[in-house]
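Please open the structure in your viewer and keep the selection tool at hand, since this tour moves from one selection to the next and says what is there at each stop.

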Amino acid sequence: MAKTRNPSWNARTVAVHGGTRRSQYGEVSEALYLTQGFVYPTAEAAEARFVKSGDDEFIYARYGNPTNRMFEDRIAAIEGTEDAFACTSGMAAVNGALMALLKAGDHVVASRALFGSCLYVLEDVLGRFGVEITLVDGTDNAAWDAAIRPDTRAVFLEAISNPTLEVIDLAHVVSVAHANDALVVVDNAMATPTFSYAARLGADLVVYSTTKHVDGQGRMLGGVICGSRALIRGPIEAYLKHTGGAINPFAAWTHLKGLETMDLRVRAQAAAALQVAEALQGHEKLGQVRYPQLPSHPQHAIAMQQAESGGTVLALEIKGGKQAAFRFLNALQIILISNNFADAKSIATHPATTTHQRLPQAQKDQLGISDGLIRLSIGLEDPRDLLADIQGALAAI
Ligand SMILES: *Cc1c(COP(=O)(O)O)cnc(C)c1O
């Protein structure tokens with residue numbers, strides 16, 4: 001199998017060709033290897049492969065598969081890391097990265113504004129195994145300085161938080177963490193692989209829910225951990241291959257096809273998100289319109305220093321609380337009421353009653369998840385139609 005990867009290629013070329021391995025048939029589209037196992041020509045060859053597998057040698061799909069490996073090589077090349085391990089879902093990737101690195105007695109510092117399942121892994125799972133967690137306001141550099149200690153083994157954060165779009169000063173967190181020999185693990189789902197700066201700014205592991213922008217068309221769950229070869233083919237692969245977290249080859253194949261168009265999709269969605277955010281600012285039915293590329297965003301300066309775009313998601317504060325927010329949602333004609341984001345179809349979410357329903361009120365208040373908050377994921381529709389849909393629904397409140 002010939003492998004294509006050239007270090008001089010730009011990201012869009014890598015997204016189309018990176019990691020491709022062609023079989024003897026010379027297929028154009030990446031082959032989907034739906035196989036659990038692999039055959040050895042001789043008993044000696046089987047023995048040798050179990051001692052040490054070569055780059056194109058596979059043993060069992062839980063350990064690795066040619067389609068999975070193409071996807072891992074391609075996304076690592078886009079992210080700019082040496083290697084990657086693909087997982088069944090974003091949460092398998094988050095759990096795998098943390099469980100592979102940590103042991104009882106370790107200390108972890110994490111930003112408070114986390115996806116609910118990430119908070120569960122940190123507090124409930126790792127907590128049960130004797131890992132101490134300190135949660136901080138991720139936008140407060142002094143809070144990181146105060147919380148990271150010599151025994152801190154890892155820090156965990158969402159570069160752009162869900163659903164309130166807080167942006168963290170990653171270079172600062174990396175410098176404090178590394179000064180204390182702590183590894184930096186970034187959950188980069190909202191930041192997108194297209195606009196990612198995590199590896200460039202020194203994150204040790206960059207984790208994606210590839211369910212989001214990589215698939216981008218609502219089909220497959222997936223996740224990936226990107227990082228150095230030593231970490232990925234060391235503790236990360238060991239943990240994931242023995243505990244069953246490897247991605248299904250069919251999902252990896254859809255993700256390969258997703259990566260071919262990701263750059264175009266994400267840039268179009270982000271341009272539309274900016275257009276919608278700018279047009280909605282100051283609307284009489286709205287409080288704050290939150291989008292990192294708007295100068296009114298609390299971390300606008302750092303957001304624009306780190307990335308070239310504010311991403312594909314914005315947050316609206318509807319005046320009038322839950323009742324007004326529900327009237328708005330129910331009046332939408334194009335934008336779907338759902339709880340995912342990054343899809344080709346635009347999606348509106350009311351976090352307080354769905355994704356973040358279980359949080360105690362005090363925690364919702366602390367995170368800014370009010371009864372009027374709507375998270376809006378901008379898709380690939382014509383932004384003029386989306387704006388008309390939103391303005392019509394606002395008028396219907
Ligand atoms: C969606 C998401 C996850 C979980 O990903 P799944 O693919 O649904 O398991 C984790 N972190 C963040 C920030 C997410 O948005």
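The tour begins with the whole chain, goes on to the ligand and its surroundings, and ends in a loop.

Start with the entire chain in a cartoon view, bearing in mind that this is a predicted model. As you follow the chain from end to end, you will pass through 14 helices and 14 strands. The radius of gyration of the chain is 22 Å, close to the 21 Å that the globule rule gives for 397 residues, so the chain is as compact as a globular protein of that length. If you turn the C-alpha trace to look along its principal axes, you will find that it spans about 75 × 50 × 35 Å.

Next, select the ligand, which sits in the largest pocket. Two elements, helix H4 (90-101) and helix H8 (211-215), each give two or more residues to the shell around the ligand. Expand the selection to the residues that surround the ligand, and you should have 14 of them, the closest being Gly90, Asp187, Ser209, Thr211 and Lys212. Coloured by class, this shell shows five nonpolar, six polar and three charged residues.

Which atoms of Gly90, Met91 and Ser209 should you look at beside the ligand? At Gly90, select the backbone, where an N or O atom lies 2.8 Å from an oxygen atom of the ligand. Moving on to Met91, you will again want the backbone, since one of its polar atoms there is 2.9 Å from an oxygen atom of the ligand. For Ser209, show the side chain instead, where a polar atom lies 2.8 Å from an oxygen atom of the ligand. With a surface switched on, consider that the protein covers 91% of the 380 Å² of accessible area that the ligand has on its own.

Finally, leave the ligand and select the loop between strand S6 (152-158) and helix H7 (170-179), where Pro163 is placed. The peptide bond that joins Asn162 and Pro163 is cis, with omega of about 5°. Leu165 also has its place in the loop between S6 and H7, and its phi is near 60°, a positive value in a residue other than glycine.

Technical notes:
Residues are numbered from 1 along each chain as its sequence is written. This is a predicted model: local features need pLDDT of at least 70, side-chain atom pairs count only at pLDDT 80 or more; totals for chains, interfaces and linings use all residues. Side-chain values use heavy atoms; hydrogens and water are left out. A residue is near a molecule or strand if one of its heavy atoms lies within 4 Å of it. A polar contact is a pair of N or O atoms within 3.5 Å; within protein, one must be able to donate a hydrogen and the other to accept it, and residues adjacent in sequence count only if both atoms are side-chain atoms. Accessible areas come from the Shrake-Rupley method with a 1.4 Å probe; for residues, only the protein chains shown count as cover. On a 1 Å grid over the protein atoms alone, a cavity is a set of points where a 1.4 Å probe fits but cannot get out, and a pocket is an open set with protein on both sides within 12 Å along at least five of seven lines; lining residues have an atom within 4 Å of a point. A molecule sits in a cavity or pocket if more than half of its atoms lie within 2 Å of its grid points. Helices (H or I, at least four residues) and strands (E, at least two) are DSSP runs, numbered from the N terminus. Ala, Val, Leu, Ile, Met, Phe, Trp, Tyr, Cys and Pro count as nonpolar, Asp, Glu, Lys and Arg as charged, and the others, Gly among them, as polar. The radius of gyration is taken over C-alpha atoms; the globule rule is 2.2 Å times the number of residues to the power 0.38.
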